[in-house]
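Grab a coffee and open the viewer. Here are a few short exercises to work through, each with a solution you can follow step by step.

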Amino acid sequence: MARKPIIAGNWKMNMTRVQATELIEELKPLVKDTKNEVVICVPYTDLDVAVKLCEGTNIKVGAQNVAWAEKGAFTAEISADMLLELGTTYVILGHSERRQYFGETDASVNARLKTALAKGLKPIVCVGETLEQREKNRTKTVIRKQVMGGLAGISEEDLLNTVIAYEPVWAIGTGKTATSEQAEETIKFVRSVIAKMFTRKLANKVRIQYGGSMNPKNVKELMAMPNIDGGIIGGASLKAGDFSLVVNYDK
Ligand code: PEP
């Protein structure tokens, strides 16, 4: 069965509730006819507003992290139950900004992933190399470690509920996109690592996105690659017009 493309906006730490309301109202009619899956991953404080505004539409709402613990003394963390109660569907895990600024590791991503899956949230697990790692020809070693560490110990069923996002760190927010060949090559490699961990059949079913300065201009070329199943969109998801053009890349 063909893998359904999934376009997910990552708003990062942008958009107050008032701004979120405006953006979503503008976005709704622009993406309503797509066959692709549409997700917006918003700040925690926008979740309830976003879920309410997206009710009855084809836009799903995601968070940008979740705690590994169920509850308790974990100041500033947000639990899976809290997200689910608000109607959250997806959750981004292991984004490079979390790894870079907040000490996330493959082990913490794996712990968060297991909790998310056990609770019924749909995770988007991010992996990606830095520029230095790419220049030192370490891309495959880094990606293999992140995929194996991040996905360690999950079941086959859980794997199929998980989306992977390949996001080269050097392409995030820089305007520097990986070429479609670079993205395809690395995503194909991610699929081969998953095939070794699980089976080739399962690896062929998992959706793997590209992320890193994806925008209305480059989306078509990237999405033409056989292994690229969608995108995580940062900057371009903050404007309804741009994000909708990415979502509607196949129109
Ligand atoms: C991201 O934040 O995951 C991302 C891909 O950002 P940008 O599109 O701005 O590079």
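## Strands, helices and a ligand

Helix H5 (residues 106-119) lies across strand E4 (90-93) and strand E5 (122-127). Keep in mind throughout that this is a predicted model.

**Exercise 1.** Work out what angle helix H5 makes with E4.

*Solution.* Start with the direction of H5, then take that of E4; the helix runs at about 170° to the strand. The angle is taken between N-to-C directions on a scale from 0 to 180 degrees, so about 170° means that H5 and E4 point in nearly opposite directions.

**Exercise 2.** Trace the sheet: how many strands does the barrel have, and in what order do they run?

*Solution.* Step one: follow the strands round, and you get E1-E2-E3-E4-E5-E6-E7-E8, a closed barrel of 8 strands with parallel pairing. Step two: check the twist; neighbouring strands are turned by 25° against each other on average, direction ignored. Step three: zoom in on one pair. Strand E1 (residues 6-10) and strand E2 (residues 37-41) run parallel and are joined by 5 bridges, and Ile-6 stands opposite Glu-37 in E2. Step four: look for what packs on the sheet there. Helix H2 (residues 47-54) touches E2 and strand E3 (59-63), and its direction makes about 170° with that of E3.

**Exercise 3.** Find which residues come nearest to the ligand, then pick out its polar contacts.

*Solution.* First, the shell: of 14 residues around the ligand, Lys-12, Glu-167, Gly-173, Ser-213 and Gly-234 come nearest. Sorted by class, the shell holds 4 nonpolar, 8 polar and 2 charged residues. Next, the contacts, each to an oxygen atom of the ligand:

- Asn-10 brings a side-chain N or O atom to 3.1 Å from a ligand oxygen.
- Gly-173 has a polar backbone atom 2.6 Å from a ligand oxygen.
- Gly-235 has a polar backbone atom 2.8 Å from a ligand oxygen.

Last, the cover: on its own the ligand exposes 290 Å², and the protein buries 96% of that.

**Exercise 4.** Locate Met-15 and Asn-137; where does each sit?

*Solution.* Met-15 is in the loop between E1 and helix H1 (17-31), with a positive phi of about 85° although it isn't a glycine. Asn-137 is in the loop between helix H6 (131-135) and helix H7 (139-151); Asn-137 isn't a glycine either, yet has a positive phi of about 60°.

Methods. Residues are numbered from 1 along each chain as its sequence is written. This is a predicted model: local features need pLDDT of at least 70, side-chain atom pairs count only at pLDDT 80 or more; totals for chains, interfaces and linings use all residues. Side-chain values use heavy atoms; hydrogens and water are left out. Two strands pair if DSSP finds at least two bridges between them. Helices (H or I, at least four residues) and strands (E, at least two) are DSSP runs, numbered from the N terminus. Contact means heavy atoms within 4.5 Å. A residue is near a molecule or strand if one of its heavy atoms lies within 4 Å of it. A polar contact is a pair of N or O atoms within 3.5 Å; within protein, one must be able to donate a hydrogen and the other to accept it, and residues adjacent in sequence count only if both atoms are side-chain atoms. Accessible areas come from the Shrake-Rupley method with a 1.4 Å probe; for residues, only the protein chains shown count as cover. Ala, Val, Leu, Ile, Met, Phe, Trp, Tyr, Cys and Pro count as nonpolar, Asp, Glu, Lys and Arg as charged, and the others, Gly among them, as polar.
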